[in-house]
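Let's take a friendly walk through a small piece of protein architecture. Have the sequence and the 3D view open while you read.

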Amino acid sequence: MQLIIEFDTAGPPPPDLRALADDVRRRVKQAVQTLVCPTHGRGPVVTIRGTGPDRIDLQIGGCCHTFARTVKWRVEGLT
(Lines give C-alpha, C1' and ligand atoms only; values in the text may rest on other atoms or scores of the structure.)
Protein backbone atom coordinates (compact mmCIF):
# COMPACT_ATOMS: atom_id res chain seq x y z
CA MET A 1 0.00 0.00 0.00
CA GLN A 2 1.23 3.46 -0.85
CA LEU A 3 -0.28 6.34 1.13
CA ILE A 4 0.76 9.87 0.15
CA ILE A 5 -0.16 13.11 1.93
CA GLU A 6 0.20 16.44 0.11
CA PHE A 7 -0.82 19.97 0.97
CA ASP A 8 -1.73 22.64 -1.58
CA THR A 9 -1.01 25.51 0.77
CA ALA A 10 1.47 28.35 0.76
CA GLY A 11 3.94 27.48 3.48
CA PRO A 12 3.30 24.88 6.16
CA PRO A 13 -0.25 23.54 6.43
CA PRO A 14 -2.44 24.95 9.19
CA PRO A 15 -2.65 22.70 12.28
CA ASP A 16 -6.36 21.99 11.70
CA LEU A 17 -5.70 20.82 8.14
CA ARG A 18 -2.78 18.66 9.29
CA ALA A 19 -4.97 17.08 12.00
CA LEU A 20 -7.76 16.43 9.49
CA ALA A 21 -5.31 14.83 7.03
CA ASP A 22 -3.85 12.65 9.80
CA ASP A 23 -7.33 11.46 10.79
CA VAL A 24 -8.21 10.66 7.16
CA ARG A 25 -4.86 8.87 6.73
CA ARG A 26 -5.51 6.69 9.76
CA ARG A 27 -9.03 5.77 8.62
CA VAL A 28 -8.02 5.10 5.01
CA LYS A 29 -5.05 3.00 6.08
CA GLN A 30 -7.24 0.91 8.36
CA ALA A 31 -9.78 0.39 5.56
CA VAL A 32 -7.45 -0.58 2.70
CA GLN A 33 -4.12 -1.77 4.11
CA THR A 34 -5.03 -5.43 3.64
CA LEU A 35 -6.28 -5.07 0.05
CA VAL A 36 -4.15 -6.67 -2.66
CA CYS A 37 -5.05 -6.95 -6.33
CA PRO A 38 -5.86 -10.60 -6.98
CA THR A 39 -4.57 -10.33 -10.56
CA HIS A 40 -1.34 -8.38 -10.07
CA GLY A 41 -0.49 -8.85 -6.38
CA ARG A 42 -0.07 -5.12 -5.74
CA GLY A 43 -1.55 -2.86 -3.09
CA PRO A 44 -3.54 0.35 -3.54
CA VAL A 45 -2.19 3.87 -4.01
CA VAL A 46 -4.08 6.58 -2.12
CA THR A 47 -3.15 10.26 -2.22
CA ILE A 48 -4.63 12.52 0.46
CA ARG A 49 -4.43 16.16 -0.58
CA GLY A 50 -5.22 19.03 1.77
CA THR A 51 -6.55 21.78 -0.48
CA GLY A 52 -8.12 24.29 1.90
CA PRO A 53 -8.64 25.19 5.55
CA ASP A 54 -10.85 22.15 6.12
CA ARG A 55 -10.95 20.37 2.77
CA ILE A 56 -9.36 17.04 1.90
CA ASP A 57 -9.43 15.45 -1.56
CA LEU A 58 -8.63 11.79 -2.14
CA GLN A 59 -7.13 10.25 -5.24
CA ILE A 60 -7.54 6.48 -5.44
CA GLY A 61 -5.37 4.34 -7.69
CA GLY A 62 -4.22 0.84 -8.26
CA CYS A 63 -2.50 -1.37 -10.78
CA CYS A 64 -5.68 -1.82 -12.81
CA HIS A 65 -9.12 -0.25 -13.16
CA THR A 66 -10.91 -3.17 -11.48
CA PHE A 67 -8.74 -3.04 -8.38
CA ALA A 68 -8.88 0.78 -8.18
CA ARG A 69 -12.67 0.54 -8.25
CA THR A 70 -12.57 -1.98 -5.36
CA VAL A 71 -10.35 0.35 -3.32
CA LYS A 72 -12.61 3.32 -4.08
CA TRP A 73 -15.65 1.36 -2.93
CA ARG A 74 -13.90 0.53 0.36
CA VAL A 75 -12.83 4.16 0.95
CA GLU A 76 -16.29 5.53 0.09
CA GLY A 77 -17.67 3.29 2.83
CA LEU A 78 -15.80 5.43 5.39
CA THR A 79 -18.11 8.43 4.94
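Here is a report that goes from the overall layout to the core, the helix pair, the cysteines and a few single residues.

**The overall layout**

Keep in mind that what you're looking at is a predicted model. The chain has two helices and three strands. If you start at the N terminus and follow the chain along, the elements come in the order β-α-β-β-α. Measure the C-alpha trace along its principal axes and you get a span of about 40 × 20 × 15 Å.

How much of the chain is buried? Of the 79 residues, 25% are buried. There's also a nice number for how the chain folds back on itself: take the contacts between residues at least 6 apart in sequence, and 56% of them join residues at least 24 apart.

**The nonpolar core**

Now look inside. The largest nonpolar core has 14 residues, and V28, V32, V46 and V71 are the ones that touch the most other members. Which elements give two or more residues to this core? They are α1 (15-32), β2 (45-52) and α2 (65-76). Helix α1 provides the largest share, with six residues.

V32 is a good one to click on. Leaving out residues up to four places away in sequence, V32 touches M1, P44, V46, V71, R74 and V75. Two of the names in that list, V46 and V71, also belong to the group that touches the most other core members.

**How the two helices meet**

When two helices pack, people describe them by the angle between their axes and the distance between the axes. Here, the axes of α1 and α2 come within 9 Å and cross at roughly 125°. Because of that angle, α1 counts as oblique to α2. The crossing of α1 past α2 is right-handed. And which residues make the contact? On the α1 side they are V28, A31 and V32, and on the α2 side V71, R74 and V75.

**Two cysteines without a bond**

A disulfide is a covalent bond between the sulfur atoms of two cysteines. How many disulfides does a search of the whole structure find? The count is zero. Take C37: the nearest cysteine sulfur is that of C63, 3.5 Å away, and C37 is in no disulfide. Seen from the other end, C63 is in no disulfide either, and its nearest cysteine sulfur is that of C37, 3.5 Å away. Why doesn't this pair count? Because a disulfide needs the two sulfur atoms within 2.5 Å, and the sulfur of C63 is 3.5 Å from that of C37.

Are these cysteines buried or exposed? C37 is buried, since its relative accessible area is 3%. C63 has a relative accessible area of 28%, so C63 is partly exposed.

**A few residues to visit**

The table gives the relative accessibility of four more residues, with the class each one falls into.

| Residue | Relative accessibility | Class |
|---|---|---|
| T34 | 63% | exposed |
| R26 | 45% | partly exposed |
| G52 | 14% | buried |
| T47 | 9% | buried |

Start with T34, which you'll find in the loop between α1 and β2. T34 and M1 are 33 residues apart in sequence, and their C-alpha atoms are 8.2 Å apart in space.

Next, hop to R26, in helix α1. R26 and D8 are 18 residues apart in sequence and 20 Å apart in space, C-alpha to C-alpha. 

Where does G52 sit? It lies in strand β2. Between the C-alpha atoms of G52 and P15 there are 12 Å, and the two residues are 37 residues apart along the chain.

Finally, T47 has its place in strand β2 too. T47 counts as buried because its relative accessibility is 9%, and the cut-off for buried is under 20%. What does T47 touch? Setting aside its neighbours within four places in sequence, T47 is in contact with I4, E6, D57, L58 and Q59.

Conventions: Residues numbered from 1 in each chain as written. Predicted model: local features only at pLDDT ≥ 70, side-chain atom pairs only at ≥ 80, totals over all residues. Heavy atoms only, no water. Buried < 20%, exposed > 50% of the residue type's maximum accessible area, 1.4 Å probe, protein only. Core = buried A, V, L, I, M, F, W, Y, C linked by side-chain atoms within 4.5 Å. Helix = DSSP H or I, 4+ residues; strand = E, 2+ residues; numbered from the N terminus. Contact = heavy atoms within 4.5 Å. Axes fitted to C-alpha atoms, helices over the stretch in contact; angles between N-to-C directions. Parallel < 35°, antiparallel > 145°, perpendicular 65-115°, else oblique. Left-handed = near helix turned anticlockwise from the far one by under 90°.
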